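Good morning, and thank you for making time for this presentation. I would ask you to keep the sequence and the structure in view while I speak.

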Amino acid sequence: MNGRMVKTIPTETSFFRDSDFFNALKSSIFPELMRLRRLDRQLNIWSAACSSGQEPYSLALVLHARFPLLTNWELQLTASDRSWEMLAKADRGSYSQAEVTRRLPPELLKRYFYRQGDRWQIDESIRSMVQFRYLNLLDPWPTLPPMDLVVMRNVLIYFDKPTRRQILTRVRQVLKPDGYLFLGSTETPFGVDSAFELVRFDRAIGYRLRSEES
């Protein structure tokens with residue numbers, strides 16, 4: 001795919017970035033997905049452009065702390081990035097004092113992290129939930145399982161419109177018909193890909209594929 005970036009994608013991130021999004025996960029999205037998947041007991045989640053891992057680990061923390069029944073499910077949480085350096089850091093799960101005190105709730109720090117010198121190591125119970133893999137959104141994508149939730153926040157704004165359209169077309173191919181896509185607060189598929197419709201969760205906004213009747 002010959003896409004063009006408008007500017008370089010930064011690696012700035014943090015745990016639980018955008019509280020409205022994570023509140024929607026806890027109150028609405030994960031409970032709904034658990035209800036919809038209660039028979040096959042399988043859940044696939046993709047955190048795209050995961051940088052140094054705070055986003056997928058935040059997702060894993062929510063799942064482990066708030067939805068313990070999922071520990072008996074077949075749960076696949078895939079996190080991808082185009083930087084091998086960021087993937088290596090993410091896989092280590094080791095963070096500085098500044099990184100863990102920025103938006104990470106103290107009770108989760110106490111429960112799921114332990115000190116290693118001047119750094120904080122995330123517990124293996126959380127680290128083992130996330131599968132990190134290399135994926136450049138501009139290159140051919142590897143085979144991905146059908147996704148219940150795709151989190152691709154603060155990525156599309158760095159590409160031109162034709163490239164955003166190509167990426168969203170590929171997202172459609174991996175997103176389940178009743179699954180959800182979440183973009184950054186300043187991003188939208190509207191005007192780029194008409195296959196998506198908006199779903200509002202209080203102060204958070206997600207997207208899902210339009211049904212044939214829409």
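Which residue forms a salt bridge with E32? The partner is R208, and the closest N and O atoms of the two are 3.9 Å apart. By salt bridge I mean a side-chain nitrogen of Lys or Arg within 4 Å of a carboxyl oxygen of Asp or Glu.

Before continuing, I should state the basis. This is a predicted model, in which local features need pLDDT of at least 70 and side-chain atom pairs count only at pLDDT 80 or more, while totals for chains, interfaces and linings use all residues. Residues are numbered from 1 along each chain as its sequence is written, and side-chain values use heavy atoms, with hydrogens and water left out.

Let me return to the pair. E32 lies in helix α1 (residues 19–36) and R208 in strand β10 (residues 204–209), so the salt bridge ties together parts that are 176 residues apart in sequence. Helices (H or I, at least four residues) and strands (E, at least two) are DSSP runs, numbered from the N terminus. Both E32 and R208 are buried; buried means under 20% relative accessible area, exposed over 50%, and partly exposed in between, with a 1.4 Å probe and protein chains only.

How many salt bridges does this rule give? The count comes to 12. A second one joins the side chains of R37 and D178, at 2.8 Å from N to O. This pair also links distant parts of the chain, as R37 is in the loop between α1 and β1 and D178 is in strand β8, 141 residues apart. R37 counts as buried at 5% relative accessibility, whereas D178, at 24%, is partly exposed.

A third salt bridge is formed by K89 and E99, whose closest N and O atoms are 2.8 Å apart. Here K89 belongs to helix α3 (residues 84–92) and E99 to helix α4 (residues 97–101), with their positions 10 residues apart in sequence. In addition, R37, D148, K176 and D178 are joined into one network by salt bridges that share partners.

I turn now to strand β7 (residues 147–152). Six of its six residues are buried, so β7 is largely enclosed by the rest of the structure. Strands pair if DSSP finds at least two bridges between them. Strand β1 (residues 42–47) runs parallel to β7 and is joined to it by three bridges, with W46 having V150 as its bridge partner in β7. Strand β8 (residues 175–183) is also parallel to β7, through five bridges, and V151 stands opposite F182 in β8.

There is also an open sheet of three strands, in the order β3-β5-β4, with antiparallel pairing. Because β3 (94–96) and β4 (113–116) stand at the edges with a single partner strand each, one side of each is left without a neighbour in the sheet. Between β3 and β5 (residues 119–122), the antiparallel pairing extends over three bridges. Within this pairing, S94 stands opposite Q121 in β5.

Finally, where is L138 found? L138 is in the loop between β6 (130–134) and β7, and it is buried, with a relative accessible area of 12%. From C-alpha to C-alpha, L138 and E107 are 39 Å apart in space, and they are 31 residues apart in sequence.
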